[in-house]
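Welcome, and please open your viewer beside this page. We will go from stop to stop, with something to select at each one.

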Amino acid sequence: MRLCTIVAVFATAILAASPYPSNRSQMNANLNPTESRIKVDNTSLYVRVVGKGQPVIVLHGGPDFDHSYLLPDLDRLSDRFRLIYYDQRGRGRSAENVKPDDVTLLSDLDDLDRVRQHFGLNSVALLGHSWGAVLALEYALRHPARVSHLILMNPAPVSAVDLAAFRKIYVEKLGADMDRQRTIVASAAYQKGDPDAVAARYRIHFKPSLARAEDYERLMATMRAAFRSQGSAGIVKARAVEDRLMLDTWQVPGYDLTPKIRSLRVPTLVIAGDHDFFPIEVAAHISDAIPNAQLLTMKGCGHFSYLECPGEVRNALVGFFKTLRQ
């Protein structure tokens, strides 16, 4: 495991020198994304593709979210990478005709494989954010020859021990806000999937996970819009899907991918932030386990490093692929 720490002054210099637009409206004007659907069983997966270059399948977090919270910030990579986003089954625009009980870890892994096949990729780079990193690792363990690179961005815990450590620290960080969150979650509005109640809950949930107030407010605005677009029925369905996926992962007694991922020989970059609400040990335990994995810890970055430190993230990915080609 190679540990790299980017200091703030160096990060600012990189961002200033980066050749992609820093203005969001200018950035969006330069994009030409395509949208399509991939048939799976009795439903279809919504897919959005943007950019050119190295193909990368993007796995969103949650797992009750869809890919929309990653936009437009992750699109900054589109000048160097062909980003293949999709909403995982039962979430976002991939929810039609989906019953939550029909979604399992195995169905999610099968869906990912269908996305890979749809684009004719014998092996592909996977970028998993948060929960998406767990999905990426589960897939790589089953299909190592089909994964060319792993980028695990602000990864969620992959063991019951790390999950318990996170929950303890999380409660301590929230303090009195934990009671406020519990009250919202127990409310009738939240239980029915009212978008404003859900947004209010996530304002509390993600409060300790970003380094700067302006990034926090921007993320909350993006999520609020996504919840309203999703609607109450979509929120409740996605929540039930999340509960189902927990049965296959974090709620399995002694769940621990760490011993298994020691067998991986896939080039891996793990990105963590020093302000993430996941302890740095979560990312470190993953990078320590995967042979020759690189751990990049970014200063002044939280759980949404692609939004908070876009220049550093971009340069890290470009450098990661460039080094492997040399």
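How do the axes of helix H6 (residues 177-186) and helix H8 (residues 195-205) cross, and within what distance do they come? Keep in mind as you look that this is a predicted model.

**Stop 1: H6 and H8**

Select both helices and view them together. The axes of H6 and H8 come within 9 Å, and they cross at roughly 160 degrees. An angle over 145 degrees counts as roughly antiparallel, so that is the description for H6 and H8. The crossing of this pair is left-handed.

Now show side chains. From H6, pick Asp177, Arg180, Gln181, Ile184 and Val185; they meet Ala197, Ala200, Arg201, Ile204 and His205 of H8. Colour this H6 and H8 contact by residue class and you should find 5 nonpolar, 2 polar and 3 charged residues.

**Stop 2: around H6**

Stay with H6 and turn the view so that you look down its axis. Which residues of H6 are buried? They are Asp177, Met178, Gln181 and Ile184. Down the axis, the buried residues of H6 fall within an arc of 120 degrees, so they line one face of the helix. A reminder that helps here: an α-helix has 3.6 residues a turn, so residues three or four places apart point the same way.

Next, swing to the other side of H6, where Thr183 and Ala186 are exposed. Then return to the buried residues of H6 and display their partners: helix H5 (160-174), helix H7 (188-191) and H8.

**Stop 3: H5 against H6**

Hide H8 for a moment and bring up H5 with H6. Their axes come within 7 Å and cross at roughly 100 degrees. H5 and H6 are therefore roughly perpendicular to each other. To see the contact, select Tyr170, Val171 and Leu174 of H5 together with Asp177, Met178 and Gln181 of H6. By class, this contact of H5 with H6 has 4 nonpolar, 1 polar and 1 charged residues.

Asp177 and Gln181 deserve a second look, as both are buried, both take part in the contact with H5 and both also meet H8.

Before leaving H5, pick Ala160, which lies in this helix. Ala160 counts as partly exposed because its relative accessibility is 30%. Add Leu257 and draw a C-alpha to C-alpha distance: Ala160 and Leu257 are 9.4 Å apart in space, yet 97 residues apart in sequence.

**Stop 4: H3 and H4**

Select helix H3 (residues 105-118) and helix H4 (residues 131-142). What is the angle between their axes? The axes of H3 and H4 cross at roughly 75 degrees and come within 10 Å, and H3 and H4 are therefore roughly perpendicular to each other. On the H3 side, show Leu105, Leu106, Asp108, Leu109, Leu112, Asp113 and Arg116; on the H4 side, show Leu135, Glu138, Tyr139 and Arg142. The residues of this H3 and H4 contact comprise 6 nonpolar, no polar and 5 charged.

**Stop 5: backbone details in the loops**

Switch to a backbone view. Most residues other than glycine have a negative phi, and most peptide bonds are trans. Here are some places to compare with that.

- Go to the loop between strand E4 (54-59) and strand E5 (81-86), where Pro63 is found. The peptide bond from Gly62 to Pro63 is cis, with omega near 5 degrees.
- Keep the loop between E4 and E5 selected and move to Pro72. The bond from Leu71 to Pro72 is cis, with omega near 0 degrees.
- Move to the loop between strand E2 (34-40) and strand E3 (43-51) and pick Asp41. Asp41 is not a glycine, but has a positive phi of about 50 degrees. At 47% relative accessibility, Asp41 counts as partly exposed.
- Finish with Asn292, in the loop between helix H11 (280-289) and strand E9 (294-298). Asn292 also is not a glycine and has a positive phi, of about 65 degrees. Asn292 is exposed, with a relative accessible area of 73%.

**Last stop: the whole chain**

Zoom out and colour by secondary structure: the protein chain has 13 helices and 9 strands. Colour by accessibility instead, and buried residues make up 57% of the 326 residues. For contacts in the chain with a separation of 6 or more, 77% are between residues 24 or more positions apart.

Notes:
Residues numbered from 1 in each chain as written. Predicted model: local features only at pLDDT ≥ 70, side-chain atom pairs only at ≥ 80, totals over all residues. Heavy atoms only, no water. Axes fitted to C-alpha atoms, helices over the stretch in contact; angles between N-to-C directions. Helix = DSSP H or I, 4+ residues; strand = E, 2+ residues; numbered from the N terminus. Parallel < 35°, antiparallel > 145°, perpendicular 65-115°, else oblique. Left-handed = near helix turned anticlockwise from the far one by under 90°. Contact = heavy atoms within 4.5 Å. Nonpolar A, V, L, I, M, F, W, Y, C, P; charged D, E, K, R; others polar. Buried < 20%, exposed > 50% of the residue type's maximum accessible area, 1.4 Å probe, protein only. Arc of directions from axis to C-beta.
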